[in-house]
Amino acid sequence: MTVHLRTSRLGNKSWDFDYAITKQTGSEPPQVAARGLTVQVAFDYQQNASITIPDGWREKMLAFEPALEG
């Protein structure tokens, strides 16, 4: 089994991760066994509040998933 993960949405304070678990038997093409979605929120535990995604984080996510820009 293989787990695939990508950032599918980038908001101001949150972003989505999409997951797919695939399995492959012999020479058959991989088949999707499960899909998932989670929402991540940038959070400052000292302020006990959500925060705007820091610029450094955003830059790294966009470098990995440039289609999210815009």
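Which residues is Gln40 in contact with, leaving aside its neighbours within four places in sequence? In this predicted model, they are Lys13, Ser14, Trp15, Phe17 and Tyr19. Gln40 belongs to strand β3, which spans residues 31-41. With a relative accessible area of 22%, Gln40 is classed as partly exposed, because the buried class is reserved for values under 20%. The side chain of Gln40 also makes a polar contact, at 2.6 Å, with the side chain of Thr38. Between the C-alpha atoms of Gln40 and Ala63 the distance is 18 Å, for a separation of 23 residues in sequence.

Aromatic side chains were examined next. Four aromatic pairs are present in the structure. One of them joins Trp15 and Phe17 in an edge-to-face arrangement, with 6.5 Å from centre to centre and 75 degrees between the planes. Trp15 is buried, at a relative accessible area of 10%, whereas Phe17 is partly exposed, at 21%. A further edge-to-face pair is formed by Phe43 and Tyr45, with ring centres 4.8 Å apart and planes at 65 degrees. Here Phe43 is partly exposed, with a relative accessible area of 31%, and Tyr45 is exposed, at 71%. Trp15 and Phe17 also belong to one aromatic cluster together with Tyr19 and Trp57. Of the members of this cluster, Trp15, Phe17 and Tyr19 are also among the residues in contact with Gln40.

Strand β2 covers residues 14-23 and includes Thr22. Thr22 is buried, with a relative accessibility of 13%. A polar contact of 3.1 Å links the side chain of Thr22 to the side chain of His4. Beyond its neighbours within four places in sequence, Thr22 is in contact with Met1, Thr2 and His4, and also with Pro30, Gln31, Val32 and Ala33. Ile21 is likewise located in strand β2, but Ile21 is partly exposed, at a relative accessible area of 30%. Together with Met1 and Val3, Ile21 makes up a nonpolar surface patch with about 330 Å² of accessible area. Met1 thus appears both in this patch and among the contacts of Thr22.

Charged side chains were then considered, and the search of the whole structure returned two salt bridges. In one, the side chains of Arg6 and Glu65 meet with an N to O distance of 3.5 Å. Arg6 is in strand β1 (residues 2-10) and Glu65 is in the segment after α1 (55-64), so this salt bridge ties together parts of the chain that are 59 residues apart in sequence. The partners fall into separate accessibility classes: Arg6 is partly exposed, at 38%, and Glu65 is buried, at 12%. The other salt bridge is formed by Asp16 and Arg9, whose closest N and O atoms are 3.1 Å apart. Asp16 is buried, with a relative accessibility of 11%, while Arg9 is partly exposed, with a relative accessible area of 32%. In each salt bridge, the acidic partner is thus the buried one, as the values for Glu65 and Asp16 show, and the basic partner is partly exposed, as given for Arg6 and Arg9.

Conventions:
Residues numbered from 1 in each chain as written. Predicted model: local features only at pLDDT ≥ 70, side-chain atom pairs only at ≥ 80, totals over all residues. Heavy atoms only, no water. Patch = residues over 30% accessible without salt bridge, like charges linked within 9 Å, V, L, I, M, F, W, Y side chains within 5 Å. Areas by Shrake-Rupley, 256 points an atom, 1.4 Å probe, with all protein chains shown as cover. Salt bridge = Lys/Arg side-chain N within 4 Å of Asp/Glu carboxyl O. Helix = DSSP H or I, 4+ residues; strand = E, 2+ residues; numbered from the N terminus. Buried < 20%, exposed > 50% of the residue type's maximum accessible area, 1.4 Å probe, protein only. Phe/Tyr/Trp six-rings, centres within 6.5 Å; stacked < 30°, edge-to-face > 60°. Polar contact = N/O pair within 3.5 Å; in protein donor to acceptor, adjacent residues only side chain to side chain. Contact = heavy atoms within 4.5 Å.
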